Amino acid sequence: MIRFARNYIEFVRQPDVARLLVVALLSRMPIGMVGFAMVMFLRESLGNFVLAGTAVGANFIALAAVAPIVGRLVDRYGPRIPLLVTGIVQPLALAGVLAAAKLGLGFHYVVAAAALSGMFASPITTLTRTAWRHRFEREEDRRTAFTLDAVMIELNFTVGPAIVAAILATAGATAAFAFTLVVVVASFFIFLTSPALRYFKRDRSTRRHMLGPLTEKQLWIVFLTTFGLAMSLGLLEVGYPAYATWLALPPLAGLFLSVNSIGSALGGALFGGWHFRMALERQLAAALGLMAIPMFLHGVVPSPVPFAIVAFLAGSLIAPAVACQSVLVSRLAPSQYATEAFTWWSTFIVSGLGSGMALGGWLVETHGVRTAFFTGSAILCVVAVVALTIAAPLAPQLGARAND
């Protein structure tokens, strides 16, 4: 345990690391707030979840489609201009959603504004991951950084929705959405004035391919494991509410999701503090394969208490798997495509989540809630095997800590 704590203390004491971790947490608060606040605001303003879900879906589809383009622009011209443009347009587009819904301008205006806000969504999450790649040369440091980054993301998805829920309960959906807009603006200024932008490096000497990082076969394997992991998580997103509804205790859905997120945060913290001799590629395969066990057990446990324990165990392997994928993307992506590779990774995450939720809804309605968990377990088994095909480096990467 002393060595575990010492690893983290030494890591955080490196120049700018502690500040970058705080920036990562604060500047990415919108990712856990915008979708939730938007759907609740539009549900109240438009009258049903169908229209609200359609608008929010347009937002996420636009985000997933445009993110790689933004990543390519960052790699070519640096992060500042894309950050400034999105920092201006996204809040204006979200204000457009608010105004169009409140003024009753028509649903097509709401969808258009929601899609525009997705197209110009801030690339802060991707920029943070790219900054970790540029900040560190040693893979062990990158592994620790990406693990803590995954923990920060879990905190964003835990604290953000809780803040929105508190405002919903006390001031209403309009106030919650308006507050989220303010948080989007604040996050832009937090990141813009942070030391993160100092660590970006542009590779001007290398020729670029139209397909960018997609020419790397090993990256495709990582992206496939990402899609499978995200798809299984999408099945959980549907499976937890479905199971809680089956119990006639719908509020338990939020508890199961929270327990899963807490498990992920704690699992990530433990994973980042210990150093393993196993190759990173095998660590990814192990995390995915082990996660298949509690995923399967969701469908066989007899009552809510063991179900919550299984949810915690499944969550404890999410952040380690995500951290392994992050390090592999940073290692395998050519330097001239550093940011674009992470945006493609994010696109596979979003599309995997959406596919899993769509499949989960169909499975729950046609074959029962347990089938969703069994399917998620099978998917994890498949991608664990796929992860075993990722080639390990021929020799351990050598390098000193950057800027030490």
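**Close-up views of helix packing in a predicted model**

**View 1. Helix α10 packs against helix α16 (residues 369-387) at an angle of about 165°, with the two axes 9 Å apart.** The model shown here and in the other views is predicted. An angle over 145° counts as roughly antiparallel. α10 and α16 are therefore roughly antiparallel to each other. Their crossing is left-handed. The residues of this contact divide into 18 nonpolar, 6 polar and 1 charged.

**View 2. Helix α10 (residues 217-246) also packs against helix α14 (residues 318-332).** The angle here is about 160°, and the axes lie 10 Å apart. That makes α10 roughly antiparallel to α14. α10 passes α14 in a left-handed crossing. From α10, the contact takes in Q218, L219, V222, F223, T225, T226, L229 and L233. From α14, the partners are I318, A321, V322, Q325, L328, V329 and L332. By class, this contact holds 11 nonpolar and 4 polar residues, with no charged residues.

**View 3. Helix α3 (residues 34-46) packs against helix α8 (residues 139-170).** Their axes are 9 Å apart, at an angle of about 25°. Angles under 35° count as roughly parallel, so α3 is roughly parallel to α8. The crossing of α3 and α8 is right-handed. On the α3 side, F36, A37 and M40 make the contact. On the α8 side, P161, V164, A165 and L168 meet them. The contact of α3 with α8 has 7 nonpolar residues, no polar and no charged.

**View 4. Helix α15 runs from residue 338 to residue 367 and is followed by G368.** α15 has 30 residues. At 1.5 Å a residue, α15 should span 44 Å. The C-alpha atoms at the two ends of α15 are 42 Å apart, which agrees with that expected span. Just after α15 comes G368, whose phi is positive, near 100°. Helix α16 is the stretch of residues 369-387.

**View 5. The chain that holds these helices has 16 helices and 0 strands.** The radius of gyration of the chain is 21 Å. For 404 residues, the globule rule gives 22 Å. The two values are close, so the chain is as compact as a globular protein of that length. Taken along the principal axes, the C-alpha atoms fill a box of roughly 60 × 50 × 40 Å.

Definitions and conventions: Residues numbered from 1 in each chain as written. Predicted model: local features only at pLDDT ≥ 70, side-chain atom pairs only at ≥ 80, totals over all residues. Heavy atoms only, no water. Helix = DSSP H or I, 4+ residues; strand = E, 2+ residues; numbered from the N terminus. Expected span 1.5 Å × (residues − 1). Axes fitted to C-alpha atoms, helices over the stretch in contact; angles between N-to-C directions. Parallel < 35°, antiparallel > 145°, perpendicular 65-115°, else oblique. Left-handed = near helix turned anticlockwise from the far one by under 90°. Contact = heavy atoms within 4.5 Å. Nonpolar A, V, L, I, M, F, W, Y, C, P; charged D, E, K, R; others polar. Rg over C-alpha atoms; globule rule 2.2 N^0.38 Å.
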